[in-house]
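User: Please take a close look at the inside of this protein for me. I'd like to hear how its core is put together.

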Amino acid sequence: MALAARLQRFLARKGIPYSELPTPQAADLESAVIASGQSRSDFVQATVLIDVGGALLVAHGLDSALDLDAVFQLTGRRLQPLTARQTMRLFGDCDPGFVPPIGTAYDLPVLIDDDVAHAETVLLTGGTNQGVVKMEGCDFRLALAGARTGHLVIRGQGNGDRAALSLDEVADKLQRLYRLPPMPALALRILRLTAHSEATAKELAELIELDPSLTAQIMRYARSALFNYPGQIHSVQEAVTRVLGFDRVAHIAMGIASVRAFDVPRKGPLGMDNFWRHALYSAFVCQSLAVHCRADKALAYLCGLLHNFGLLLIGHLFPAEFEELNVLHADNPEASMHSLEQQVFGHAREEQILAVGHGAIGGILHKLWQLPDAVVKTAAMHQHPGYHGDHETYVLMVQLSNALLKPRGIGDEFNPDDVPVLLEGLGLAPDTVADLEAEIDRVAPDLDALANSLSS
């Protein structure tokens, strides 16, 4: 028999039709799917989650991995998967590993992924290791009457076991296992110059002018409509003293020089073209926010500019996995980057350390490069909603800038943010958003032009 007793009674009581497809006794669900000879794409699996409010079941496609961030967006609950032992306590009449996705038969609330909710035919385990069950999609949905639906998965990747590592362990393993790129010499010299309070515009200009390409980029930036300088600018020193200021020139020059440490493809949603566009917009918004938050404008600019360097490091060290991440991102634009990264990384022990996310990886690199603590913290924590701690203002500014840029298609993830909470955390009025959006509209053509020139 393909059905566990409780599920069989439930379907009979509801008058829901189904077909049993017997198979030889299988060791696990994957073996049963293969033995059935049916289309894998029609199979639905169950993932059981729990928090202090109790357990619930999510019904989703067999070839998909559950996105816990998406579940949180739908439910407002931070749920975690049950262990196999805990699961079998709820499904006592089922064979281990064969949990039917009809949680209603076991008095569990159910969430259904959109793909399953629109399926014409579904295949599932009935709770035993000796067959599978086939149902019309309408009958399956009737069995789950009252279930909530939403986009809950990352398509194209399976689940895997991933043990959590501390950031200290991650930093140690990164340095031991991989050849991390040093800060490029010119960027390092600029960083050291900015550490001296008596450094002059002439000294900064002389450093930048050692690199003709960097010189051209700084001159293009100073002459852009972002600043509307009415006169002529003939040198980097004039750009520093008349238009941009010491800190802004130093930071944009350091950012441009630092990116040269990475060999990352230009194209794709996570490629260098989109990186520069995101970085420049975020730097501009953070600098504008700093005025409202009484924060250091130059430091805010640098935090926005460099907060996503972890993606570049991942692309530099793991080009194949970075390409896979690009593909997953294109297929799942509303999924959080942290969830996507957890799917791509962690399959091998060496790569498992990258499952902490590109933010933490970027923070580690910034710390090794001895960048300011606020830059380290914003990179490390910009993927963590509700952050409270050191340099909180700068972290929240980066998070708010990313939230405001998402509707414009700028950034590396497009899952929604709680903008009112971010505004409250920064002590800003709601009408600040309208002012910022007007400012972004004003400078957008110039930021786009500058991003194109930097990535080419």
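Analyst:
**Inside the core**

Counting contacts (heavy atoms within 4.5 Å) with a separation of 6 or more, 69% join residues 24 or more positions apart. This is a predicted model, so to speak of local features we need pLDDT of at least 70, and side-chain atom pairs count only at pLDDT 80 or more, while totals for chains, interfaces and linings use all residues. Residues are numbered from 1 along each chain as its sequence is written, and side-chain values use heavy atoms, leaving out hydrogens and water.

Of the protein's 456 residues, 55% are buried, meaning under 20% relative accessible area (exposed is over 50%, partly exposed in between; 1.4 Å probe, protein chains only). A nonpolar core here is a set of buried Ala, Val, Leu, Ile, Met, Phe, Trp, Tyr and Cys residues joined through side-chain atoms within 4.5 Å. The largest one holds 105 residues, and I190, I218, F262, W276, L280, L305 and M397 have the most contacts inside it. Helix α13, residues 272-293, supplies the largest share of this core, with 13 residues.

Now zoom in on L305. Setting aside neighbours within four places in sequence, L305 touches H251, I252, G255, F275, W276, A279, L280 and A283. Apart from that largest core there's another of 32 residues, including A4, A119, V133 and F140.

As for the frame around all this, the protein has 23 helices and 10 strands; these are DSSP runs numbered from the N terminus, with helices H or I of at least four residues and strands E of at least two. The C-alpha atoms fill a box of roughly 85 × 50 × 35 Å along the principal axes.
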